[in-house]
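Welcome to a short set of exercises on reading a protein model. Try each task yourself before you look at the worked solution.

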Amino acid sequence: MEVTDANLQLLASYLQRTLSADPNVRRPAEKLLESTELQQNYPVLLLNLIDKAQMDMTTRVAGAIAFKNYVKRNWAAHEDSDGPDRIHESDRNTIKTLIVTLMLHSPVALQKQLSDAVSIIGKHDFPKKWPQLIDEMVERFASGDFNVINGVLQTAHSLFKRYRYEFKSQSLWEEIKFVLDRMAKPLTDLLQATMQLTKVHENNPEALKVIYGSLVLVNKVFYSLNSQDLPEFFEDNMNTWMGAFIQQLAVDVPSLRTADDEDAGVLEHLRTQVCENICLYAKKYDEEFKPFMEQFVTAVWELLVKTSLQTKYDALVSHALQFLSVVAERKHYQSIFENPEILARICDKVVIPNLDIRPSDEEIFEDSPEEYIRRDIEGSDIDTRRRAACDLVKTLSINFEQKIFGIFGQYLEILLTKYKENPAANWRSKDTAIYLVTSWASRGGTQKHGITQTSELVPLPEFCAQQIVPELQRPNINEIPVLKAAAIKYIMVFRSILGPQVLASCLPQIIRHLPAESIVVHSYAACSVEKILTMRDANKAIVFGPQVLGPHSNDLINGLFATLSLPGSAENEYVMKAIMRSFSVLQSASMPFMGVALPRLTEILTQVAKNPSRPHFNHYLFETLALSIKIVCQAEASAVSSFEEALFPVFQGILQQDILEFMPYVFQMLSVLLEVREGTGSIPEPYWALFPCLLAPALWDRTGNVTPLIRLISAFIKQGSAQIQASGKLVSTLRLFFNKISISLRISQNGILGIFQKMIASKANDHEGFYLLQNLLSYYPAAEIEASMRQIFALLFQRLSLSKTPKYITGIIVFFSFYVIKYSGGQLAQLIDEIQPGMFGMLLDRVFITDMRKIVKELDRKMVAVGVTKLLTETPEMFQPQYAGFWPKLLQSLIDLFERPVEPAFDGGEPVVGSDDADGGYQVAFAQLSNAQPKQHDHLAEITDARQFLATSLFKFSQTRVGELPNLLTPFQPEYKQILQKYCDQAGVRIA
């Protein structure tokens, strides 16, 4: 693809079409660009288009977004597998040569996208493959052009902010040192010069806005560079930085004040970042920060007292309060707060005003209920005054409990008395009182259990009975909704403290609020029900089982489904999760509701499939459907046909319309339905009608589809291998797809192995390849598979030699053990040595003996133990001269597998709901449905104790090969002989 005017115009036209609201115009353009992006010069063409000043700005922005997403998709894609680099080396070099200069002279709308692209490239290439980046950026500090300087700072911020959360490592230390050596002094010089310019341009509002914007970015970069440890340079220059921070907290520039009550201006952003920076130092470097502490406490206190309640100050107040909390919990600074008068002033001037609900909060409650919920009960990243004030109250209560009890007790009495005088007018006082008690009493807790540790001075059950329950008992469930929400939240937060009896009495009242008009109220009610139903006692038994929930089940289930019909809650994730949890607790007791629930759930699925926009709601919807199938089909297996009849049309529509978000769920659901049918006969025709869709090439390129598709295809293999073989569907269809794959060893002419070939080449998905291969060996006609085994083994060893990983090594050990059990150790040895003479010995020596202990899963460990036992006792090749020396080492490693602690080779991650990437380059993540977990199949169910199996196998070996075993055991250390003798004693056999 050449960089020509004609190609630029063509690219611009397709970018314009990607902005169309019409999917018939947009999707073909997106697919064409995606199919073109791997051509050489494509990214260079994009950068040239972005740089064309005469090009329409909308097109240039679309190009910048497309470039960022191209980088996100492809820059490091080859690191996952042994596949070729998707970006030509010349393109990589050209991009790194052009992008910084292009970013810095581009308009702001383009600069942000290009800055993000630099950060993505830098994450993978900086500093080793892009060492000149920092020098190139630092040089621009001397330009004097603050638009350029701000571009550099924005990029530095994007590039370095990962230092805030990454785990410590040698490579990270080396990178930060590399940056500090080049950036720390220029950044400090820039700070001083910019502070000076604030005075030079004090009468130029436009210049001041840019200059103070630079200071915000300087402070952000400072935070990132100081996050891991206190750099020596910054420690030596603390006076410079802390002096600047003090000035920035105190400065007031009338021309930069904003008239807007909601959106923070540059001064608010600056002070907020200063508070973040000093909070970091107070937390991590308090010894070095100690000389400045009182000075900053005074400055922050004065700032808080004079800052009004407008929304634009929320982040500033929140971080300022966090700073005071950090200071208050440090023992050597507690003298600052010990004076009762100071504590009273903090409560009066800072805590209570910021606990009060403001008109802006009420507005969010009414007009943006999801945002209110996210801030209030989900603990979102958004900084709220209330949460910060609550944290300060908690800190003060823990460290000054007796003194604070009297102060807060007085305020609590005043607030409740004011409410009693006129509940309708003074309900805000009670809302503040509930928040005060919640933060005052809390000492610790978890998301799962709520608050679990509280102050003994605060009688929570008594407060609940006197102040919370009466609010929920009021006949009108729509009266004072903010107070209703606060009361329900109190029960939810303190559920582990209040106890089963109190909760049992509250549960009907909470259920009664499900039809409330307020979205916040009925969401809190649903959320509370769900969390209460998850509670377990000391014996891990559910506290509110079907016997307790049964009398309320009709009101609960009907109320929850009715809530989904209320305005604004058609896709309410709390309600759907509560439905799922209710069915889970009720189990068979939910059967009477299924006749109404299932058509409603199917109708909801049909609707949300038209425009999937709520990932959590959608996840719980599929969870509920999977759970319903499980409950109903456990009672009556034949009911699976009713589910298929209802769901298949919806599933077919999702697959045909290529609805990315739902495909991983659909594949899981199809697997569940197919697995329910196991052993009931042949696979029905509707499944075979869907089967060609499952083999569409595009499906396998989406990471979220791989795991559920492998499971589904394995279910087809298990139940329909004869039909697959007879029809040739799987073979012929996959041949069309996988013949496109170019690797040095080709077995894709046999299409059934094409998926395996693709999986085993991927570091992310090689375990799926092993799983598929095990299913093929277990259920597919043996003759066809055996004909390809040598090629399969060659692929396995090619991957082992070129790019082995700990995960791959454990996978290959388990698979070869399975092969020994399925066929024999002799066949394994012969097949491997046919590929390369003596390679079986290398496998034993360099893989089995060294890494066997790293197998983590119990069933895998049993598989390996049995497979290795068969190698030791049933494999003649093990006694040939070239391999006999490995026998005692292999047995010793097997004993280590039994007796030594597990040495995990890698960490497995938890699946997440939704995607961790919300914008372009979108890849739907795989989220495992808890109610659609694949069954763990034990191929060796008849063997209950692998140690005894080893002992009895050695006994049989000693009987058939008389006199050989003692010689083989001669090199054994006494410790291992004793362990082996123990196994024999437990099995009741003698081997020597």
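**Exercise 1. The core**

How many residues does the largest nonpolar core have, and which residues have the most contacts inside it?

Solution.
- Start with the ground rules. This is a predicted model, in which local features need pLDDT of at least 70 and side-chain atom pairs count only at pLDDT 80 or more, while totals for chains, interfaces and linings use all residues. Residues are numbered from 1 along each chain as its sequence is written, and side-chain values use heavy atoms, with hydrogens and water left out.
- Next, the term. A nonpolar core is a set of buried Ala, Val, Leu, Ile, Met, Phe, Trp, Tyr and Cys residues joined through side-chain atoms within 4.5 Å. Buried means under 20% relative accessible area, exposed means over 50%, and partly exposed is in between, using a 1.4 Å probe and protein chains only.
- Now the result. The largest nonpolar core has 345 residues, and Phe289, Phe323, Phe793 and Leu796 have the most contacts inside it.
- Look at one of these residues. Leaving out residues up to four places away in sequence, Phe793 touches Phe815, Phe816, Tyr819, Leu828, Leu831, Ile832 and Ile835; contact means heavy atoms within 4.5 Å.
- A general idea to keep in mind: in soluble globular proteins, nonpolar side chains tend to be buried together.

**Exercise 2. Two helices at an angle**

Which residues of H43 and H44 meet, and at what angle do the two helices pack?

Solution.
- Helices here are DSSP runs (H or I, at least four residues), and they are numbered from the N terminus.
- Helix H43 covers residues 825-835 and helix H44 covers residues 839-851; they pack at about 110°, with axes 7 Å apart. The axes are lines fitted to C-alpha atoms over the stretch in contact, and angles run from 0 to 180 degrees between N-to-C directions.
- Angles under 35 degrees count as roughly parallel, over 145 as roughly antiparallel, 65 to 115 as roughly perpendicular and the rest as oblique. H43 is therefore roughly perpendicular to H44.
- From H43 come Leu828, Ala829, Ile832, Asp833 and Ile835, and they meet Met839, Phe840 and Leu843 of H44.
- Sorted by type, the contact of H43 with H44 has 7 nonpolar residues, no polar ones and 1 charged. In this sorting, Ala, Val, Leu, Ile, Met, Phe, Trp, Tyr, Cys and Pro count as nonpolar, Asp, Glu, Lys and Arg as charged, and the others, Gly among them, as polar.

**Exercise 3. Two further helix pairs**

Find how H12 packs with H13, then do the same for H22 and H25.

Solution.
- H12 (residues 238-250) and H13 (residues 266-284) pack at about 140°, with their axes 9 Å apart. These two helices are therefore oblique to each other.
- On the H12 side, the contact is made by Met238, Met242, Phe245, Gln248 and Leu249; on the H13 side, by Leu270, Arg271, Val274, Cys275, Asn277, Ile278 and Tyr281. These residues divide into 9 nonpolar, 2 polar and 1 charged.
- H22 and H25 (residues 500-512) pack at about 25°, with axes 9 Å apart, so they are roughly parallel to each other.
- Cys464, Val469, Leu472 and Gln473 of H22 meet Val502, Cys506, Gln509 and Arg512 of H25. This contact holds 5 nonpolar, 2 polar and 1 charged residue.

**Exercise 4. Unusual backbone spots**

Which two residues does a cis peptide bond join, and where do Ile480 and Lys540 lie?

Solution.
- Recall the background: most residues other than glycine have a negative phi, and most peptide bonds are trans.
- The cis bond joins Phe126 and Pro127, with omega about 0°. Pro127 sits in the loop between H6 (108-125) and H7 (132-139).
- Ile480 has a positive phi, near 45°, and belongs to the loop between H22 (460-473) and H23 (481-493).
- Lys540 has a positive phi of about 70°, and its loop runs between H26 (519-533) and H27 (546-549).

**Exercise 5. Buried or exposed?**

Is each of Ile480, Lys540, Leu695 and Gln978 buried or exposed?

Solution.
- Ile480 is buried, at 18% relative accessible area.
- Lys540 is exposed, at 63%.
- Leu695, in the loop between H34 (685-694) and H35 (697-700), is buried at 2%.
- Gln978, found in H50 (residues 974-987), is exposed at 58%.
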